[in-house]
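Below are my notes on the model you sent round, set out as numbered points. They begin with the chain as a whole and then turn to selected helices and residues.

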Amino acid sequence: MAKDAVLVTGAAGSVGHFLVEHLLRAGYGVVATDRPGSPLPAAGSSLLVQPEDLTDRSAPARLVQDVGMVIHTAALIDIGLPFERLEAVNVTATRELFAAAERAGVRRFVFFSSGSIYQKDPTGTYSEDKPIQGSNDYERTKAMCEDYLLREARPKHAEVVVVRPSLIYGPRGKMLGAALACIPPIVHEHLRVQLGFSGGPRSNWVHAEDVARAAVHLLEKGEAHEAYNVGDDDPIPFGEVVNVAVEAYGFRPAMRIPFPPLSLMRLLSTQLVKAGFLFDGLNRGFDALWERICKKYDLRCELHPKLDKEAMPYAYQDTIFPNEKLKKTGFSFQYPSFRDGFGPTVKWYQKERWVPSY
């Protein structure tokens, strides 16, 4: 493998698959890694597939020995997990990988953080110069890594570039935005009437392929020791997000209900989170309904319609990530709006039998 090859961690994930594809297309050699047993891409003349567990402290040295750059996406992204489990992968393994990269003379290290780590701002708009402050255990791990990579371990060799994606959706995705794909079938199977919404808090999402394209772009054109928001061009209301998900199945909402006032949604969300037994009961109910659909349509049951406590603020406040800094480097989005990308995502899920076709 040539010394300008790129190591991609988390290569079995939604973004990881696209990273490998676009790096190879751009002429890079690639070392793809993920946990043993993960569905990694097939090896090829320019692609070395090397499954490793990054919590094995000897793994980083093996992975970086023949590469010149690293794109580190691997992380536990279940934001409901406790800090101890998240820290081992998201913090300790990241530090070990970066230290190994420094020793090996890697010249650029692209780290995947999260747009959710910004300190909450009443304006709901989070540009890269806003302060970061993780408000839950997952966000804390990402903030800790950023602090380490950009400040504590100011690198002597490797140039660090930080990617802060907004809410990601796309083929192979199983978390966060993927749960939206479960909602229309559950409603269709049990209510037979699709409801739409109007209004609601705004946020800009991002397709997994655009996240990968941005990371490959920043590999060469990103400024060293800087962070970049990666969110699409179109902050849309949450009600419209639901409508797009419904229409991706070919359904038409029978009526559109005004989204509840944000102050009411804040109160309801806060009380729901406090009543943990009720929150857990809702998730168990959604899972049971989805399992019934999986059996009826012989689906692979890769998705789970799960509510995450830590994601509830998106239901009652704007969360917008301006992308001007990224676009000034010459980047443009293939899917500039959630409206452009979610329909093709549902078609991918249907083709792979992750969701039903109607």
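1. A residue is called buried here when its relative accessible area is under 20%, exposed when it is over 50%, and partly exposed in between, with a 1.4 Å probe and protein chains only. On that scale, 54% of the 358 residues of the protein chain count as buried.

2. This is a predicted model, in which local features need pLDDT of at least 70 and side-chain atom pairs count only at pLDDT 80 or more, while totals for chains, interfaces and linings use all residues. Residues are numbered from 1 along each chain as its sequence is written, and side-chain values use heavy atoms, with hydrogens and water left out.

3. The protein chain has eleven helices and 13 strands, where helices (H or I, at least four residues) and strands (E, at least two) are DSSP runs numbered from the N terminus. Along the principal axes, its C-alpha atoms fill a box of roughly 60 × 45 × 40 Å. The radius of gyration, taken over C-alpha atoms and compared with a globule rule of 2.2 Å times the number of residues to the power 0.38, is 20 Å, which agrees with the value near 21 Å for a compact globule of 358 residues. Of the contacts (heavy atoms within 4.5 Å) with a separation of 6 or more, 77% are between residues 24 or more positions apart.

4. Helix 5, residues 183-190, is mostly covered, since six of its eight residues are buried; these are Pro-184, Pro-185, Ile-186, Val-187, His-188 and Glu-189. They pack against helix 7 (238-247) and helix 9 (276-297). Just after helix 5, Arg-192 takes a positive phi of about 65°.

5. How are two packed helices described? The angle between their axes and the distance between the axes are used. Axes are lines fitted to C-alpha atoms, for helices over the stretch in contact, and angles run from 0 to 180 degrees between N-to-C directions. Helix 5 and helix 9 pack at an angle of about 80°, with their axes 10 Å apart, so helix 5 is roughly perpendicular to helix 9 (angles under 35 degrees count as roughly parallel, over 145 as roughly antiparallel, 65 to 115 as roughly perpendicular and the rest as oblique). Helix 5 contributes Pro-185, Ile-186, Glu-189 and His-190, and helix 9 contributes Phe-286, Leu-289, Trp-290, Arg-292, Ile-293, Lys-296 and Tyr-297. These residues divide into seven nonpolar, one polar and three charged, with Ala, Val, Leu, Ile, Met, Phe, Trp, Tyr, Cys and Pro counted as nonpolar, Asp, Glu, Lys and Arg as charged, and the others, Gly among them, as polar.

6. Pro-356 lies in the segment after helix 11 (338-351) and counts as buried because its relative accessibility is 1%. Leaving out residues up to four places away in sequence, Pro-356 touches Pro-185, Tyr-249, Trp-290, Ile-293, Tyr-297, Leu-299 and Gln-350. The C-alpha atoms of Pro-356 and Lys-296 are separated by 9.2 Å, with their positions 60 residues apart along the chain.

7. Glu-240 belongs to helix 7 and is buried at a relative accessible area of 19%. Apart from neighbours within four places in sequence, Glu-240 is in contact with Phe-197, Gly-199, Arg-256 and Arg-339. In helix 1 (residues 14-25) sits His-22, which counts as buried at 12% relative accessibility and, with the same neighbours left aside, is in contact with Glu-209, Arg-213 and Val-216.

8. Taking a disulfide as a pair of cysteine sulfur atoms within 2.5 Å, the count comes to zero. Cys-145 is buried at 1% relative accessible area, and Cys-294 is buried at 4%.
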